[in-house]
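This report describes the sheet, the helices set against it and the nonpolar cores of a predicted model. Please keep the sequence and the structure in view while reading.

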Amino acid sequence: MNDQQLLRYARHILLDDLGIEGQECFLAAKVLIIGAGGLGSPAAIYLATAGVGHITLVDDDIVELSNLQRQILHTTASLGRPKAESGRDMLAAFNPEVEVEPRVQRLDGQALADAVAAADIVLDCCDNFATRHAINRACVQHRKPLVSGAAIRYDGQISTYDLRRDDAPCYHCLFPESDEVEEINCATTGVLAPLVGIIGAMQAAEALKLAAGLGQTLAGRLLQLDVRSMQWHSVNVPRDPDCPVCRHR
């Protein structure tokens, strides 16, 4: 690291169990963030300011006025712009050293598999089950750690699926794919703005821990938050030995 980096990341370097070696892990990390909305905004900002070297920001949507209540990666001046490109510009303002690759597309099929394969860590910041399961399948295929967050109304949840580990569950182990699952999104039910900030920031923290091999992640555990009572609930999540997605990995 150069002198400017030593100064920029000084408060990380002072941390026990992190130090210069941990910060260098951040600088070398490649993180794929799928979704540049409510969850992806705080996650991307904290990863960029922390010095993650390469961020791929994926979103095929444009910035709308109703997004600005919670999607802090975008401003009023961003209205009508692709979220991925707006996000790139905002992250550059926070930390110009970070390489941000905006992808204005809905990743699926081989494109999704290739993007996951190129990343060290994947953050699921999307808002629909079909995409979540597609991301999970790609992460299982390439044995990439996945940090998945969700927030709706006053309720949020987060877990890490460390698919490098043979004993770790995948997303499908906890939320089996089904055509009968009812899709609920904030466009029809609403969401409290700070809730996505809490969950998205926690996704960034999990990603940084994974990058530096720091502490204990949420692998095998689901955290749920009811922001009305500000109560956290922790659920242990075992691997399903009969899971059709991850049982043969």
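## Helix α4

Helix α4 is mostly covered, with nine of its eleven residues buried. Those buried residues are G40, S41, P42, A43, A44, I45, L47, A48 and A50. The helix is followed by G51, a residue whose phi is positive, near 100 degrees.

Setting aside residues up to four places away in sequence, L47 touches V31, I33, V52, I55, L123, A204, A207 and L208.

## Nonpolar cores

The largest nonpolar core of this predicted model has 37 residues, and I33, L47 and L123 are those with the most contacts inside it. Two or more residues of this core come from each of β1 (30-34), α4 (40-50), β2 (54-58), β4 (121-124), α10 (193-212) and β7 (221-226). Of these elements, α10 gives the most, with seven residues. Another core, of 23 residues, lies apart from it and has V58, A115, A134 and L163 among its members.

In soluble globular proteins, nonpolar side chains tend to be buried together.

## The sheet and helix α7

Eight strands form an open sheet with mixed pairing, in the order β3-β2-β1-β4-β5-β6-β7-β8. At its edges are β3 (99-103) and β8 (231-236), each of which pairs on one side only, and the twist from one strand to the next averages 15 degrees. The strands β7 and β8 run antiparallel and are joined by six bridges; R221 has N236, in β8, as its bridge partner.

Helix α7 (residues 129-142) lies across β1, β4 and β5 (146-152), and runs at about 170 degrees to β5.

How values were computed:
Residues numbered from 1 in each chain as written. Predicted model: local features only at pLDDT ≥ 70, side-chain atom pairs only at ≥ 80, totals over all residues. Heavy atoms only, no water. Core = buried A, V, L, I, M, F, W, Y, C linked by side-chain atoms within 4.5 Å. Buried < 20%, exposed > 50% of the residue type's maximum accessible area, 1.4 Å probe, protein only. Helix = DSSP H or I, 4+ residues; strand = E, 2+ residues; numbered from the N terminus. Contact = heavy atoms within 4.5 Å. Pairing = 2+ DSSP bridges. Axes fitted to C-alpha atoms, helices over the stretch in contact; angles between N-to-C directions.
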